[in-house]
Amino acid sequence: MSDEFVTVAKLTDLSDGQGLAVPLGDQMVALFQLDGELFAIADACPHMGASLAAGAIEGDTVTCPWHAWRFCVRDGSWCDNPSVQTDAFDVRIDGEDVQVRSRLNES
């Protein structure tokens, strides 16, 4: 996949403090809006594949709805062992479009 931003949603599709699963190429990405900031991580929990977009949000942490694994939506790190991460993606707003970089954030 090339290193470009892809429109995946409209701003009106997002609700503060809730996740939204969107397709990005051949994978699903979980978008989160927290106090006006947008974040994107891989939607599938690395444990058993549950949708992280369907998880409960508290602060900047999403809890997997199946087995309560907790991830930071800012960088995809697993809260119980920060050396383990799920993929995180760059997000930007272009007008009313929410765009995600089709390449993983390597920072």
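**Salt bridges, hairpins and cores in the predicted model**

The side chains of Arg 70 and Asp 80 come together in a salt bridge, at 2.9 Å from N to O. This pair ties together distant parts of the chain, with Arg 70 sitting in strand β7 and Asp 80 in the loop between β7 and β8, 10 residues apart. Neither partner is hidden away: Arg 70 is partly exposed, with a relative accessible area of 32%, and Asp 80 is partly exposed too, at 49%. All of this is read from a predicted model.

The count of salt bridges comes to five. Another of them joins the side chains of Asp 60 and Arg 74, at 3.0 Å from N to O. Here again distant parts of the chain are linked: Asp 60 belongs to the loop between β5 and β6, Arg 74 to the loop between β7 and β8, and the two are 14 residues apart. Asp 60 has a relative accessible area of 27%, so it falls in the partly exposed class, and Arg 74, at 42%, is partly exposed as well. This pair doesn't stand alone, since Glu 37, Asp 60 and Arg 74 are linked in a network of salt bridges. Then there is Asp 90 with Arg 101, whose side chains meet at 2.9 Å, N to O. That pair runs from strand β8 (Asp 90) to strand β9, residues 97–104 (Arg 101), with their positions 11 residues apart in the count. Asp 90 is partly exposed, at 23% relative accessibility.

Turning to the strands, β3 (residues 27–34) is a good place to start. Six of its eight residues are buried, so the strand is largely enclosed by the rest of the structure. On one hand, β3 runs antiparallel to β2 (residues 19–24), and six bridges join the two. Within this pairing, Gly 19 has Phe 32 of β3 as its bridge partner. The two strands make a hairpin with two residues between them, and Gly 25 in the turn shows a positive phi of about 65°. On the other hand, β3 pairs with β4 (residues 37–42), also antiparallel and over six bridges. Val 29 sits opposite Ala 42 of β4 in this arrangement. This is a hairpin as well, again with two residues between the strands, and Asp 35 in its turn has a positive phi of about 50°.

Further along, three strands form an open sheet in the order β5-β6-β7, with antiparallel pairing. The edges are taken by β5 (56–58) and β7 (70–72), each with a single partner strand, so one side of each is left without a neighbour in the sheet. On average, neighbouring strands of this sheet are turned by 30° against each other, ignoring direction. Three bridges hold the antiparallel pairing of β5 with β6 (residues 61–63), and one of the matched pairs is Ala 56 with Thr 63 in β6.

As for the interior, the largest nonpolar core has 15 residues, and those with the most contacts inside it are Phe 32, Ile 41, Leu 52, Val 62, Phe 71 and Val 73. The elements giving two or more residues to this core are β3 and β4, with β3 giving the most, at three residues. Leu 52 touches residues including Ala 30, Phe 32, Ile 41, Val 62, Cys 64, Phe 71 and Thr 86, leaving aside those up to four places away in sequence. Apart from this core lies another, of 12 residues, among them Val 8, Leu 24, Leu 38 and Val 100.

Notes
Residues are numbered from 1 along each chain as its sequence is written. This is a predicted model: local features need pLDDT of at least 70, side-chain atom pairs count only at pLDDT 80 or more; totals for chains, interfaces and linings use all residues. Side-chain values use heavy atoms; hydrogens and water are left out. Buried means under 20% relative accessible area, exposed over 50%, partly exposed in between (1.4 Å probe, protein chains only). Helices (H or I, at least four residues) and strands (E, at least two) are DSSP runs, numbered from the N terminus. Two strands pair if DSSP finds at least two bridges between them. Axes are lines fitted to C-alpha atoms, for helices over the stretch in contact, and angles run from 0 to 180 degrees between N-to-C directions. A nonpolar core is a set of buried Ala, Val, Leu, Ile, Met, Phe, Trp, Tyr and Cys residues joined through side-chain atoms within 4.5 Å. Contact means heavy atoms within 4.5 Å. A salt bridge is a side-chain nitrogen of Lys or Arg within 4 Å of a carboxyl oxygen of Asp or Glu.
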